[in-house]
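Hi,

Here is the structure I said I would pass on. Have a look at it first, and then read on for what turned up in it.

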Amino acid sequence: VQCVPIDRMMSEYFVPADTAFCLFRNLFVQKIGRLFESTAEKPADGEKNVSNKAAFVAAAKTVIAEVTQAINPLYPPRIWEELGAAFFATFWCLESGDLVVPNAAYQRQQNVLRNQLTTID
C-alpha cells in the first residue's frame with residue numbers, strides 16, 4: 001500500500017498533525033518492529049535478554065529521528081526550541097493506551113496534602 005509521506009501530507013494537503021500521525025502510527029510501529037527484529041538477539045529458552053530492550057529503544061529512536069527530520073521544516077524554529085521535534089514526534093506517535101496514569105504518585109501527593117490540611121486545622 002502506497003501512502004503520501006507524512007511531511008507531504010501535512011504540508012501539501014494541510015492534514016493536521018494529530019490526523020497525520022494517527023494515519024501513520026501503524027506504519028511507524030511496523031517499521032520499529034522490522035528494525036527491532038533485524039537487530040534483536042534471540043534469547044535461549046527461559047532467559048531474558050536485556051539487550052533486546054536496548055535494541056527496541058534503538059529501533060524506536062531511529063524511526064523517531066526519521067520522522068523528526070521529515071516534519072522539522074513544517075514548523076517555525078521557535079516551536080522546536082520550545083517543544084523539541086523529537087518530543088513532538090514521539091508524543092503524536094503514541095496512542096492513549098501507551099500513556100500511564102501514575103496513580104500511586106497521585107495518591108502519595110493527596111496524602112501529603114491531606115496531612116498538611118490536618119496540621120493547619
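Before the aromatic side chains, one cut-off: rings of Phe, Tyr and Trp (its six-membered ring) count as a pair if their centres lie within 6.5 Å, and a pair is called edge-to-face when the planes are over 60 degrees apart. With that rule, the count is nine aromatic pairs. Take tyrosine 75 and tryptophan 80: their ring centres are 5.4 Å apart and their planes sit at 85 degrees, so this pair is edge-to-face. Tryptophan 80 is buried, at 12% relative accessibility, while tyrosine 75 is partly exposed, with a relative accessible area of 27%. Both belong to one aromatic cluster, which is made up of Phe21, Phe24, Phe28, Tyr75, Trp80 and Phe88.

Please keep in mind that this is a predicted model.

Now the overall picture. The chain has six helices and zero strands, so to speak an α-α-α-α-α-α pattern when you read along the sequence. The chain's radius of gyration is 20 Å, whereas a compact globule of 121 residues would have one near 14 Å. Along the principal axes, the C-alpha atoms fill a box of roughly 65 × 50 × 25 Å. Of the 121 residues in the chain, 21% are buried.

Next, the charged side chains. In general, side chains of opposite charge can pair when their charged atoms come close. How many salt bridges are there here? The count comes to two.

One of them joins arginine 8 and glutamate 12, with 3.1 Å from N to O. These two residues are four apart in helix H1, which means that about one helical turn separates them. Arginine 8 is partly exposed at 35% relative accessibility, and glutamate 12 is partly exposed too, with a relative accessible area of 44%.

Glutamate 66 and lysine 31 form a salt bridge as well, and their closest N and O atoms are 2.4 Å apart. This pair links distant parts of the chain, since glutamate 66 is in helix H3 (residues 50–71) and lysine 31 is in helix H2, 35 residues apart. Glutamate 66 counts as partly exposed, at 36% relative accessibility, and lysine 31 is partly exposed with a relative accessible area of 31%.

On to the cysteines. How many disulfides does the model have? The count is zero. For cysteine 3, the nearest cysteine sulfur belongs to cysteine 22 and is 12 Å away, and cysteine 3 is in no disulfide. And why does cysteine 22 have no bond to cysteine 93? A disulfide needs two cysteine sulfur atoms within 2.5 Å, but the sulfur of cysteine 22 is 11 Å from the closest cysteine sulfur, the one in cysteine 93, and that is too far for a bond. Both cysteine 3 and cysteine 22 are partly exposed: cysteine 3 has a relative accessible area of 39%, and cysteine 22 has 49%.

Cysteine 22 comes up again with glutamate 95. The C-alpha atoms of these two residues are separated by 8.5 Å, although their positions lie 73 residues apart along the chain. You will find glutamate 95 in the loop between helix H5 (85–93) and helix H6 (103–120). Glutamate 95 is partly exposed, at 42% relative accessibility.

There is also something to look at on the surface. Which residues form a nonpolar patch there? They are Leu83, Phe87 and Phe91, and together they have about 300 Å² of accessible area. Leucine 83 sits in the loop between helix H4 (77–82) and H5, and leucine 83 is partly exposed, with a relative accessible area of 39%.

Last, a backbone detail. Phenylalanine 14 has a positive phi of about 55 degrees, even though it is not a glycine. Its place is the loop between helix H1 (6–12) and helix H2 (17–39). Is phenylalanine 14 buried or exposed? Phenylalanine 14 is exposed: its relative accessible area is 67%, and the cut-off for exposed is over 50%.

If you want a place to start in the viewer, try the edge-to-face pair of tyrosine 75 and tryptophan 80, and then go to the salt bridge between glutamate 66 and lysine 31.

Cheers

Key: Residues numbered from 1 in each chain as written. Predicted model: local features only at pLDDT ≥ 70, side-chain atom pairs only at ≥ 80, totals over all residues. Heavy atoms only, no water. Buried < 20%, exposed > 50% of the residue type's maximum accessible area, 1.4 Å probe, protein only. Patch = residues over 30% accessible without salt bridge, like charges linked within 9 Å, V, L, I, M, F, W, Y side chains within 5 Å. Areas by Shrake-Rupley, 256 points an atom, 1.4 Å probe, with all protein chains shown as cover. Salt bridge = Lys/Arg side-chain N within 4 Å of Asp/Glu carboxyl O. Phe/Tyr/Trp six-rings, centres within 6.5 Å; stacked < 30°, edge-to-face > 60°. Rg over C-alpha atoms; globule rule 2.2 N^0.38 Å.
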